2 protein chains.
Amino acid sequence: MRIILVYDVGEKRVQKVHKFLKRYLHWIQNSVFEGDLTTSELEEVKAYLKKLMNEDEDSIIIFKLKFTNYNKEILGLEKNSISTII
Amino acid sequence: MRIILVYDVGEKRVQKVHKFLKRYLHWIQNSVFEGDLTTSELEEVKAYLKKLMNEDEDSIIIFKLKFTNYNKEILGLEKNSISTII
């Protein structure tokens, strides 16, 4: 399924979260990742993030899109385009 | 249509962008907004953001979802829930 994941975590954990997510998803902006995951990959991602994060301070939102026919528009810089990776 | 908007703009412009977007969408995390816009509202939002932003430095990504049947999962804090507003 197509995933958009946005995170807001304490400064100490930013780099770890970023590095981990890069193994599964494409970094598209600041603290935003996008990509396709299987259900089991998503479970791996969630399990690891839950271990890593401080659930009292951090927030991670995962949008799971059942249809991939959404439209993405970028104003300004395209910091890292998924289309150049896939 | 359902919109997810994520922004990464220079520090000087963060507050202005945030304040403007709150008039149209629901703030759900750090630099992430979600909500429903008509086509003309989206055009207003884009026109204003384009004026406000520095297109050589800033990045704003707008996901336009044609179907609203996506699923949102939150790990950790729910900083501002759309469900409590609508």
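Two strands pair if DSSP finds at least two bridges between them. Helices and strands here are DSSP runs numbered from the N terminus, helices being H or I over at least four residues and strands E over at least two. Keep both in mind as you click along.

This is a predicted model, in which local features need pLDDT of at least 70 and side-chain atom pairs count only at pLDDT 80 or more, while totals for chains, interfaces and linings use all residues. Residues are numbered from 1 along each chain as its sequence is written, chains are lettered from A and ligands numbered from 1 in the order in which they are written, and side-chain values use heavy atoms, with hydrogens and water left out.

**Stop 1: a hairpin in chain B**

Select β2 (26–29) and β3 (32–36) of chain B. These strands run antiparallel and are joined by 3 bridges. One bridge puts B:Gln29 together with B:Val32 of β3(B). Between the two strands of this hairpin sit 2 residues, and B:Asn30 takes a positive phi near 25°.

Now add β1 (2–8) of chain B. It runs antiparallel to β3(B), with 5 bridges between them. Look for B:Ile3, which stands opposite B:Gly35 of β3(B).

How many of the 5 residues of β3(B) are buried? The count is 4, so this strand is largely enclosed by the rest of the structure. (Buried means under 20% relative accessible area, exposed over 50% and partly exposed in between, with a 1.4 Å probe and protein chains only.)

**Stop 2: a charged pair across two strands**

Show the side chains of B:Arg2 and B:Glu34, which meet in a salt bridge at 3.9 Å, N to O. B:Arg2 belongs to strand β1 and B:Glu34 to strand β3 of chain B, so the pair ties together parts that are 32 residues apart in sequence. The term salt bridge stands for a side-chain nitrogen of Lys or Arg within 4 Å of a carboxyl oxygen of Asp or Glu. Side chains of opposite charge can pair when their charged atoms come close. B:Arg2 counts as buried at 14% relative accessibility, and B:Glu34 is buried too, with a relative accessible area of 1%.

**Stop 3: strand β1 of chain A**

Move to chain A and select residues 2–8, the strand β1. Buried or exposed, what are its residues? Here 7 of the 7 are buried, so the strand is largely enclosed by the rest of the structure. A:Arg2, A:Ile4, A:Val6 and A:Asp8 point one way, while A:Ile3, A:Leu5 and A:Tyr7 point the other way.

Next, bring up the partners of this strand. β1(A) pairs with β3 (residues 32–36) of chain A in the antiparallel sense over 5 bridges, and A:Ile3 has A:Gly35 as its bridge partner there. β1(A) is also joined to β4(A) by 7 bridges, again antiparallel, with A:Ile4 matched to A:Phe63.

While you are here, color A:Arg2, A:Glu34 and A:Asp36, which are linked in a network of salt bridges.

**Stop 4: an arginine with two partners**

Center the view on A:Arg13. What forms a salt bridge with A:Arg13 at 3.3 Å between the closest N and O atoms? That is A:Glu57. A:Arg13 lies in helix α1 (residues 11–22) and A:Glu57 in the loop between α2 (39–52) and β4 of chain A, so the pair ties together parts that are 44 residues apart in sequence. A:Arg13 also meets A:Asp58 in a salt bridge, at 2.6 Å from N to O. A:Asp58 lies in that loop between α2 and β4, so its pairing with helix α1 ties together parts 45 residues apart in sequence.

Color the trio by accessibility: A:Arg13 counts as buried at 16%, A:Asp58 as buried at 1%, and A:Glu57 as partly exposed at 46%. Over all chains, the salt bridges come to 10.

**Stop 5: where the chains meet**

Finish by showing both chains. The contact (heavy atoms within 4.5 Å) takes 37 residues from chain B and 37 residues from chain A. Across this interface, 0 salt bridges are found. On the side of chain B that touches chain A, the residues divide into 17 nonpolar, 7 polar and 13 charged. (Ala, Val, Leu, Ile, Met, Phe, Trp, Tyr, Cys and Pro count as nonpolar, Asp, Glu, Lys and Arg as charged, and the others, Gly among them, as polar.)

For a last selection, take β4 (residues 59–65) of chain A with β5(B): the two run antiparallel and are joined by 7 bridges. A:Ile61 and B:Ile74 are bridge partners there.
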